[in-house]
Amino acid sequence: MRPLFSRLLFRRSPPLLHNHRLDPSTPQLQLLRSLSTASAGGADSEFRKYAGYFLLLVGCGAATYYSFPLSYDIHKKAQVFKYAPLPEDLHTVSNWSGTHEVSTRVFIQPESLEELEKVVKDANEKKQRIRPVGSGLSPNGIGLSRLGMVNLALMDKVLEVNKESKTVRVQAGIRVSQLVDALKEHGLTLQNFASIREQQIGGIIQVGAHGTGAKLPPIDEQVISMKLVTPAKGTIVISKEEDPEFFYLARCGLGALGVVAEVTLKCVDRHELVEHTFVSNLNEIKKNHKKWLKENKHIKYLWIPYTDTVVVVQCNPPSKWKSQKLNSKYGKDEAVQHVRDLYGESLVKYRVEKSADEPDINELSFTELRDKLLALDPLNKDHVIKVNRAEAEYWRKSEGYRVGYSDEILGFDCGGQQWVSENCFPVGSLSNPNFRDLEYIEELLKLIERESVPAPAPIEQRWTGRSESKMSVAFSNNADDIFSWVGIIMYLPTMDVRQRKEITEEFFHYRYLTQSTLWNDYSAFEHWAKIEVPKNKEDLADLQSRLRTRFPVDAFNKLCKELDPNHTLSNTKLDKLFPPLETVQHSN
């Protein structure tokens, strides 16, 4: 449990006197009368007159004070509020970016299926909420709840590996990195990966996470069957064969239909990839985009605002008939030197002295340097442009090839804490892409420049095939459909509360600009792990109605009511995103 501190604030009160009355015969009042009496003119007379007025005011004030005494305990009523010490059993849980945080007395980590079943049953009977939460990597904190949480970090075992059928059955608390390591000895791996490896398997499938590759679906498509522990119906095993409607609705169920206890996943043979990173521009991409989507197993673009630089990253199995030039033209130090130089210049410009515990600048990675640069003036557009140009130069000097196993190659250093908004939208089919993905980016980059948004790099663009999970933002009935995913960010490179608040406000303005300009035109919907609930009632009502145009909300709510009638597994975020239909109609 994270240590919490409280303090007591005190205010001293002066001694108070009671029940004093002034005697009219006192020398003070006689002096007051004599001074106040008008006498013959002259300066001496004027002085006595005003001195008399002054003493009259003082006397009236004293008479009032002593005639209406305050009680001895008035200082207690006026004392500044005292903060009571926080209880020792209060757990503070935050997401990785530090953008969402809750404190709760209920944070349960069962070690077995039987314990989990008892926890869920007891919570349902007591009508106690225990929201399933994974590794806490979701930028929007979708798994957090101050009323209570259940975490499966201690249920992280590989239960069965079938090398012939290329499947693996695991407890849902196992992290992706743990699972991949366990599969190595069997010559297997997962089909695709997100940028980070620390998600729990239950969480990564329930929010519809994804990797990249127009031929590859989101990660939930790797699920063959699941074991759900539900509040109302106990433990249920679901699969496409037994109940396809239930399965496809629950596979990306946001943790609301049951706690995912076990998952059976499809695997692929462990394989190497050759990663090719190079710098391009919009015109070149337009010429090659359709071909690149088809030819590359994995591909992504990193757009750098306020520059014409686009970083292209392609990953494919090694070719038996084509040798690759693996060495880059520049070494790692040469690639990052331009960023180091800018940091040194910026320290002088902003008159910042390095602290004694500051790490050597030559030991910092590119993303660490970028964070430090942005921390100097994160909302100054001109400063952000300089940082972006330095990043473009870094990527120019990082062009080249890299070979490794897929689980080593497909990761991506996303940098430090950050706000993220990622949208997914349809872009035609693999055989006939409609280029709406590039149009979206063009409009976004123009919007950034027109509105002078201090937008840092990169804007990451990826692709996937469709998902058959009904609640996936990449759902489609057409097997050939493809989707583009575009993420905008603003880093939180400082722990200064005021500065983080200012960055947060600027990010939400940035996000609002994209929402009001682009989302409806492109049928774009936010990733479930990145969607934020509006505070404004009208905006919330609009979002609720909009979600109903894309997702089977009524069917989802109906199943939630059957499996979890007391909303044991829900939280405030889900309650607001998916209210009953009559609530939405009433608000409209």
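## Exercises on a predicted model

K166 is partly exposed, with a relative accessible area of 30%. Keep this residue in mind, because it returns in Exercise 4. The model you are looking at is a predicted one, and its secondary structure comes to 18 helices and 20 strands.

### Exercise 1: Warming up with the whole chain

Task: State what share of the residues in the protein is buried, and what share of the contacts joins residues at least 24 apart.

Solution.
- Step 1. The protein has 588 residues, and buried ones make up 48% of them.
- Step 2. For the contacts, take those between residues at least 6 apart in sequence; 73% of these join residues at least 24 apart.

### Exercise 2: A pair of helices

Task: Describe how helix α13 and helix α14 are placed against each other.

Solution.
- Step 1. Start with what is needed: two packed helices are described by the angle between their axes and the distance between the axes.
- Step 2. Find α13 at residues 436-450 and α14 at residues 497-522; their axes come within 11 Å and cross at roughly 150°.
- Step 3. Angles over 145 degrees count as roughly antiparallel, and α13 and α14 are therefore roughly antiparallel to each other.
- Step 4. The crossing in which α13 passes α14 is right-handed.
- Step 5. Now look at the side of α13: R436, E439, Y440, E443, L444, L447 and I448 take part in the contact. On α14 they meet Y510, L513, T514, T517, L518, W519, D521 and Y522.
- Step 6. Sorted by class, this contact has 9 nonpolar, 2 polar and 4 charged residues.

### Exercise 3: Two open sheets

Task: Give the strand order and the edge strands of the open sheet of 5 strands, then do likewise for the open sheet of 3 strands.

Solution.
- Step 1. In the sheet of 5 strands the order is β6-β7-β11-β9-β10, and the pairing is antiparallel.
- Step 2. β6 and β10 (234-239) each have a single partner strand, so they stand at the edges and one side of each is left without a neighbour in the sheet.
- Step 3. On average, neighbouring strands of this sheet are turned by 10° against each other, direction ignored.
- Step 4. Zoom in on β9 (residues 223-230) and β10: 6 bridges join these antiparallel strands. M226 has I238 in β10 as its bridge partner.
- Step 5. Helix α4 (residues 113-126) lies across β9, β10 and β11 (259-266), and runs at about 50° to β9.
- Step 6. Turn to the sheet of 3 strands, where the order is β3-β5-β4 and the pairing is parallel. Its edge strands, β3 (107-108) and β4 (131-132), each pair on one side only.
- Step 7. β3 and β5 (residues 149-150) run parallel and are joined by 2 bridges; F107 stands opposite M149 in β5.

### Exercise 4: Unusual backbone

Task: Locate the cis peptide bond that joins A457 and P458, and the positive phi values of K166 and S452.

Solution.
- Step 1. Recall the background: most residues other than glycine have a negative phi, and most peptide bonds are trans.
- Step 2. Between A457 and P458 the bond is cis, with omega about -5°. P458 is in the loop between α13 and β18 (459-465).
- Step 3. S452 also belongs to the loop between α13 and β18. Its phi is about 55°, a positive value, although S452 is not a glycine.
- Step 4. With 37% relative accessibility, S452 counts as partly exposed.
- Step 5. K166 sits in the loop between β6 (158-162) and β7 (167-171), and has a positive phi near 55°.
- Step 6. The 30% relative accessible area of K166 makes this residue partly exposed.

### Exercise 5: Two helix residues and their surroundings

Task: Decide whether N388 and L373 are buried or exposed, and list what each is in contact with, leaving aside neighbours within four places in sequence.

Solution.
- Step 1. N388 lies in helix α11 (residues 381-396), and L373 lies in helix α10 (residues 366-376).
- Step 2. Buried means under 20% relative accessible area. N388, at 1%, is therefore buried, and L373, at 0%, is buried too.
- Step 3. The contacts of N388 are I304, P305, Y306, T307, A455, P456 and A457. A457 is also a residue of the cis peptide bond in Exercise 4.
- Step 4. L373 is in contact with V339, L342, Y343, S346, H383 and V387.
- Step 5. Take S346 from that list: it is 27 residues from L373 along the chain, and their C-alpha atoms are separated by 7.4 Å.

Terms used:
Residues are numbered from 1 along each chain as its sequence is written. This is a predicted model: local features need pLDDT of at least 70, side-chain atom pairs count only at pLDDT 80 or more; totals for chains, interfaces and linings use all residues. Side-chain values use heavy atoms; hydrogens and water are left out. Axes are lines fitted to C-alpha atoms, for helices over the stretch in contact, and angles run from 0 to 180 degrees between N-to-C directions. Helices (H or I, at least four residues) and strands (E, at least two) are DSSP runs, numbered from the N terminus. Angles under 35 degrees count as roughly parallel, over 145 as roughly antiparallel, 65 to 115 as roughly perpendicular and the rest as oblique. A crossing is left-handed if the near helix is turned anticlockwise from the far one by less than a right angle, and right-handed if clockwise. Contact means heavy atoms within 4.5 Å. Ala, Val, Leu, Ile, Met, Phe, Trp, Tyr, Cys and Pro count as nonpolar, Asp, Glu, Lys and Arg as charged, and the others, Gly among them, as polar. Buried means under 20% relative accessible area, exposed over 50%, partly exposed in between (1.4 Å probe, protein chains only). Two strands pair if DSSP finds at least two bridges between them.
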